[in-house]
Amino acid sequence: MWIVVSSLVAGSVVGCRSTLPTIAPEDVEAAIERLRRPLSGDPAALYRLRVASSGGLRMGLLTSGDAGRLTVSEPFGSAVSLTAWAGSRPTTFFDLREGCRLDTADLELVLGVGAMPLPQAVLLLTGRLPATGDDELSGREDGSILVEGRGWSARITVAADPWRVVSVEEAGGRDGGWRLDLSGHSLSVPGSIRVENRDGRWAELELVRLEWNDGAELPRLPDLPLCVLEPDA
């Protein structure tokens, strides 16, 4: 059974950074409790995707338990990439144009912009803090929330009434760095997300549809060889 909880968010401004009130430290725990509650089912979503080289892409999300698929397609439906994950096993990126696959840990191959691991990203897209059971969350004196995971960390800014995540910025100090700005929320679910790297790369997601299901069957993965990477010059 599918339950529609959100559709196209009209009038949202992609990438707009508004001035938000400072969250008092005593409110941070309330935000963590509210935004880390379990999901109500397995989410499935469709997004419009814009990157520097193209404005007509679509990104589809399908999950089942701790596994999922993230598919990027051209405007007329031809898939260009597929990313698959299942629990703590390595995430795999399938380059359908090149006909090969790569192991990947986060969204960088999907969007062309560095970001968090896929399970955490799914939680963020569906209105939760981007933290799985193995990640540590702690409130900061400035009202932000620090998430520390295996090999990554980020500083999260939240707003109240209702509680929602409005930005996530890398705190681990990798080259380039990344930031996500979330806006156009429906309750805690963001309608628009802009991902930026400090080197100027960016991607924008606009929510078209979000649904919850009570057990979806994930499509079989393609049988593709490992990609042959060219050595650095």
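**A tour from the nonpolar core outward**

Select Met59: with neighbours up to four places away in sequence set aside, its contacts are Ala45, Leu46, Tyr47, Leu70, Thr71, Val72, Val110, Leu111, Leu125 and Leu205. The model in the viewer is a predicted one. Keep Met59 displayed and add Leu129, Ile145, Val158, Val165, Val168 and Leu180; together with Met59, these residues have the most contacts inside the largest nonpolar core. That core comprises 51 residues.

Next, select Cys100 and Cys227. The two form a disulfide, with 2.0 Å between their sulfur atoms. A search of the whole structure returns one such link. Its angle about the S-S bond is 90°, and the link is right-handed. Cys100 belongs to strand S7 (residues 100–104), whereas Cys227 falls in the segment after strand S14 (202–213), so the disulfide ties together parts that lie 127 residues apart in sequence. Colour the pair by accessibility: both Cys100 and Cys227 are buried.

Proceed to Glu170, which is part of strand S11 (residues 164–170). Is this residue buried or exposed? Its relative accessibility is 9%, and Glu170 therefore counts as buried, the limit for that class being under 20%. Display its surroundings: beyond residues up to four places away in sequence, Glu170 touches Ser153, Ala154, Gly177, Trp178 and Arg198.

Keep Gly177 and Trp178 on screen and select Asn197. Asn197 is located in strand S13 (residues 192–197). Which residues does Asn197 touch, not counting those up to four places away in sequence? They are Val113, Gly114, Gly177 and Trp178. Gly177 and Trp178 thus appear in the contact lists of Glu170 and of Asn197. Asn197 counts as buried because its relative accessibility is 9%.

For the last stop, select Arg37, in the loop between helix H1 (25–35) and strand S2 (42–51). A relative accessibility of 27% is the reason why Arg37 counts as partly exposed. Add Arg34 to the view: a polar atom of the Arg37 side chain lies 2.6 Å from the backbone oxygen of Arg34. Then show Arg128 and Ser188, which are in contact with Arg37 when its neighbours within four places in sequence are left aside. A distance label between the C-alpha atoms of Arg37 and Arg128 should read 7.5 Å, although the two residues are 91 residues apart along the chain.

Definitions and conventions. Residues are numbered from 1 along each chain as its sequence is written. This is a predicted model: local features need pLDDT of at least 70, side-chain atom pairs count only at pLDDT 80 or more; totals for chains, interfaces and linings use all residues. Side-chain values use heavy atoms; hydrogens and water are left out. Helices (H or I, at least four residues) and strands (E, at least two) are DSSP runs, numbered from the N terminus. Buried means under 20% relative accessible area, exposed over 50%, partly exposed in between (1.4 Å probe, protein chains only). Contact means heavy atoms within 4.5 Å. A polar contact is a pair of N or O atoms within 3.5 Å; within protein, one must be able to donate a hydrogen and the other to accept it, and residues adjacent in sequence count only if both atoms are side-chain atoms. A nonpolar core is a set of buried Ala, Val, Leu, Ile, Met, Phe, Trp, Tyr and Cys residues joined through side-chain atoms within 4.5 Å. A disulfide is a pair of cysteine sulfur atoms within 2.5 Å.
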